[in-house]
Amino acid sequence: MFTGIVEELGEVTAVENLGDASRFRLRGPIVTEDAKHGDSIAVNGVCLTVVEAGDGEFTADVMAETLKRSSLGALDAGSRVNLERPTAVGARLGGHIVQGHVDGTGAIVERTPSENWEIVKISLPSGLARYVVEKGSITVDGVSLTVVDAGTDHFTISLIPTTLALTTLGIKQPGDPVNLEVDVIAKYVERLLGAQTEESAE
């Protein structure tokens, strides 16, 4: 489990095409301090398994399904990425519960800067709109954020200077894709209520 509090702005150093998968090499001295084979690291909000780690870098294999459902397929050498290790048991939950399982992708629509923050509008796949509510939580490229406004095909977030400086959301431009993970609690509630409705109808 992750919390959506990015630990480090890392970088893709190499991408190897494996046919039905890709092997990524990523630089992240902080997240690799204690990383070993089999550990999990979230890359732009996608939970990946460490294959090898050393000298401030790690490799991870990304299956075709993940490349298709997330924006990782658009990355190449030199791309900047948000990195986070799983939260430790007993640690503070600074953001919200994040699984690292991307629900879909959106794109930056527009950015509106102001003196102390920036409003960013992001497109929203129709299948995810029902899970996104005003003042609710959403994960964008692995960053835990609060929804400002929620529409049927978009939502907005407000980014403080720290988020702009320390994550990819400070450099992404209109048209750039972003990974989205909605609040897992909303999905469980929907499933449970659906099951109760089916039982009542029997």
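UniProt positions are given in the numbering used here, and such annotations may be inferred rather than shown by experiment. On that basis, an unreviewed UniProt entry lists "repeat: Lumazine-binding" at residues 1-96 and 97-193. The feature "domain: Lumazine-binding" is placed by the unreviewed entry at residues 1-96 and 97-193 as well. The structure described below is a predicted model.

The two annotated spans can be described by their secondary structure and by the separation of their ends. Residues 1-96 consist of 6% helix and 44% strand, and the end C-alpha atoms of this span lie 10 Å apart. For residues 97-193, the content is 16% helix and 41% strand, with the end C-alpha atoms separated by 21 Å.

Within the span 1-96, strand 5 (residues 57-63) is mostly covered, since five of its seven residues are buried. Strand 5 pairs with strand 2 (residues 21-27) in the antiparallel sense, over seven bridges. In this pairing, Arg-27 stands opposite Glu-57 of strand 5. An antiparallel arrangement also relates strand 5 to strand 4 (residues 46-54), through four bridges. Here Gly-54 is the residue opposite Glu-57. Strands 4 and 5 form a hairpin with two residues between the strands, and Asp-55 in this hairpin adopts a positive phi near 55 degrees.

In the second part of the chain, six strands form a closed barrel in the order 7-8-11-10-9-12, with antiparallel pairing. Neighbouring strands of this sheet are turned against each other by 45 degrees on average, direction ignored. Strand 12 (residues 177-182) is largely enclosed by the rest of the structure, because five of its six residues are buried. Four bridges connect strand 12 to strand 7 (residues 104-113) in the antiparallel sense, and Thr-105 has Asn-179 of strand 12 as its bridge partner. Strand 9 (residues 137-140) likewise runs antiparallel to strand 12, joined by three bridges; the partner of Thr-139 in strand 12 is Glu-181. Elsewhere in the barrel, strand 10 (residues 143-150) and strand 11 (residues 154-159) are antiparallel and share three bridges, with Ala-150 partnered by Phe-155 of strand 11.

Side chains of opposite charge can pair when their charged atoms come close. The model contains 12 salt bridges. One of them joins Glu-7 to Arg-85, with the closest N and O atoms 2.6 Å apart. This pair links distant parts of the chain, 78 residues apart: Glu-7 belongs to the segment before strand 1 (8-17), whereas Arg-85 lies in the loop between strand 6 (80-84) and strand 7. With a relative accessible area of 32%, Glu-7 is partly exposed, and Arg-85 also counts as partly exposed, at 21% relative accessibility. Buried residues are those under 20% relative accessible area, so the value of 21% places Arg-85 outside that class. Together with Asp-34, Glu-7 and Arg-85 are linked in a network of salt bridges.

Two further salt bridges illustrate opposite surroundings. The side chains of Arg-111 and Glu-118 meet at an N to O distance of 2.6 Å, and both residues are buried. Glu-134 and Lys-135 form a salt bridge through their side chains at 3.4 Å, N to O. Glu-134 is exposed, at 52% relative accessibility, and Lys-135 is exposed with a relative accessible area of 56%.

How values were computed
Residues numbered from 1 in each chain as written. Predicted model: local features only at pLDDT ≥ 70, side-chain atom pairs only at ≥ 80, totals over all residues. Heavy atoms only, no water. Pairing = 2+ DSSP bridges. Axes fitted to C-alpha atoms, helices over the stretch in contact; angles between N-to-C directions. Buried < 20%, exposed > 50% of the residue type's maximum accessible area, 1.4 Å probe, protein only. Salt bridge = Lys/Arg side-chain N within 4 Å of Asp/Glu carboxyl O.
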